[in-house]
Amino acid sequence: DRMRRMRQRNASEDPSDSGQRPPAIPLRCLFLGHCLESKGLHTAAGIVAEYCALTGRPAHFVVAGKFASADERSTFETLINNLGISPHTEIFGFADRDAKVRLLSDADALLFPTKYPEETFGLVVLEAMAFGLPCLVTRWRGIPSLLPTAGLFEMLPGDTKTGAKLLEMAAGFSGFEMLRSRFLESFTDQAHIRKMSGTMKAET
């Protein structure tokens with residue numbers, strides 16, 4: 001449960017009556033999609049590393065998707081090793097429908113800092129919104145417009161320092177139902193039918 005994990009993370013910041021801090025709860029960060037540098041994978045890794053350095057808190061970084069080649073995967077593994085987050089990174093691989101449900105349910109934030117030239121529509125952002133999952137996105141194409149203003153964590157491509165600060169904000173975000181409501185109201189088949197119906201009525 002995302003809210004429960006957030007409360008546990010907050011509680012781990014405060015010493016107990018004995019003066020000892022309880023074990024820190026890692027922030028579960030998810031990258032879901034094609035594992036390409038241009039899709040923001042390397043930037044996402046940098047954001048996780050910066051977040052840990054900025055806050056002193058742990059994170060668990062899950063990468064779900066296919067690498068284009070063995071060389072691409074090797075380059076990424078070298079990067080996370082150099083960033084010091086290799087022990088806290090899980091390369092999940094391809095995620096089918098059931099796996100996506102588990103991953104999106106278990107995550108605390110989606111990282112989608114894409115700069116992909118052919119990016120048209122951030123489907124993964126909609127999938128995350130359906131689960132009420134906070135999304136950190138880039139100011140790229142129309143992606144920010146998918147999210148409600150109060151739940152928008154937006155950065156410029158490649159800006160990992162800003163991304164880390166936004167991730168810290170997203171870690172404390174509790175508007176899960178607001179995100180899910182935005183998805184239900186705007187992006188389901190039923191919402192599309194309502195919009196089409198309204199358009200047709202307006203034209204008659």
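Angles of 65 to 115 degrees between axes count as roughly perpendicular, and angles outside the parallel, antiparallel and perpendicular ranges count as oblique. In this predicted model, helices α2 and α6 meet that perpendicular criterion, whereas α5 is oblique to α7. Two single residues are also covered: Arg-5, which is buried, and Arg-141, which has a positive phi.

**Helices α2 and α6**

- Helix α2 spans residues 41-55 and helix α6 spans residues 160-171; their axes lie 8 Å apart and the packing angle is about 70 degrees.
- Because the perpendicular range is 65 to 115 degrees, α2 and α6 are roughly perpendicular to each other.
- The crossing of α2 and α6 is right-handed.
- On the α2 side, the contact is made by Thr-43, Gly-46, Ile-47, Glu-50, Tyr-51, Leu-54 and Thr-55.
- These meet Thr-160, Lys-161, Gly-163, Ala-164, Lys-165, Leu-167, Glu-168 and Ala-171 of α6.
- Sorted by class, the residues of the contact of α2 with α6 comprise 6 nonpolar, 5 polar and 4 charged.

**Helices α5 and α7**

- The axes of helix α5 (residues 123-130) and helix α7 (residues 176-186) come within 7 Å, crossing at roughly 120 degrees.
- α5 is therefore oblique to α7.
- From α5, Leu-126, Met-129 and Ala-130 take part in the contact, and from α7, Leu-179, Arg-180, Arg-182 and Phe-183.
- By class, the contact of α5 with α7 has 5 nonpolar and 2 charged residues, with no polar ones.

**Arg-5**

- Arg-5 belongs to helix α1, which covers residues 2-11.
- With a relative accessible area of 10%, Arg-5 is buried, because the limit for that class is under 20%.
- Its side chain makes a polar contact with the side chain of Asp-108, at 2.9 Å.
- Leaving aside residues up to four places away in sequence, Arg-5 touches Ile-25, Arg-28, Ser-105, Asp-106, Ala-107 and Asp-108.
- Asp-108 thus appears both as a residue touched by Arg-5 and as its side-chain polar partner.

**Arg-141**

- Arg-141 sits in the loop that runs between β5 (135-138) and β6 (152-155).
- The phi of Arg-141 is positive, about 55 degrees, although the residue is not a glycine.
- Relative accessibility of Arg-141 is 49%, so the residue counts as partly exposed, given that exposed requires over 50%.

Key: Residues are numbered from 1 along each chain as its sequence is written. This is a predicted model: local features need pLDDT of at least 70, side-chain atom pairs count only at pLDDT 80 or more; totals for chains, interfaces and linings use all residues. Side-chain values use heavy atoms; hydrogens and water are left out. Helices (H or I, at least four residues) and strands (E, at least two) are DSSP runs, numbered from the N terminus. Buried means under 20% relative accessible area, exposed over 50%, partly exposed in between (1.4 Å probe, protein chains only). A polar contact is a pair of N or O atoms within 3.5 Å; within protein, one must be able to donate a hydrogen and the other to accept it, and residues adjacent in sequence count only if both atoms are side-chain atoms. Contact means heavy atoms within 4.5 Å. Axes are lines fitted to C-alpha atoms, for helices over the stretch in contact, and angles run from 0 to 180 degrees between N-to-C directions. Angles under 35 degrees count as roughly parallel, over 145 as roughly antiparallel, 65 to 115 as roughly perpendicular and the rest as oblique. A crossing is left-handed if the near helix is turned anticlockwise from the far one by less than a right angle, and right-handed if clockwise. Ala, Val, Leu, Ile, Met, Phe, Trp, Tyr, Cys and Pro count as nonpolar, Asp, Glu, Lys and Arg as charged, and the others, Gly among them, as polar.
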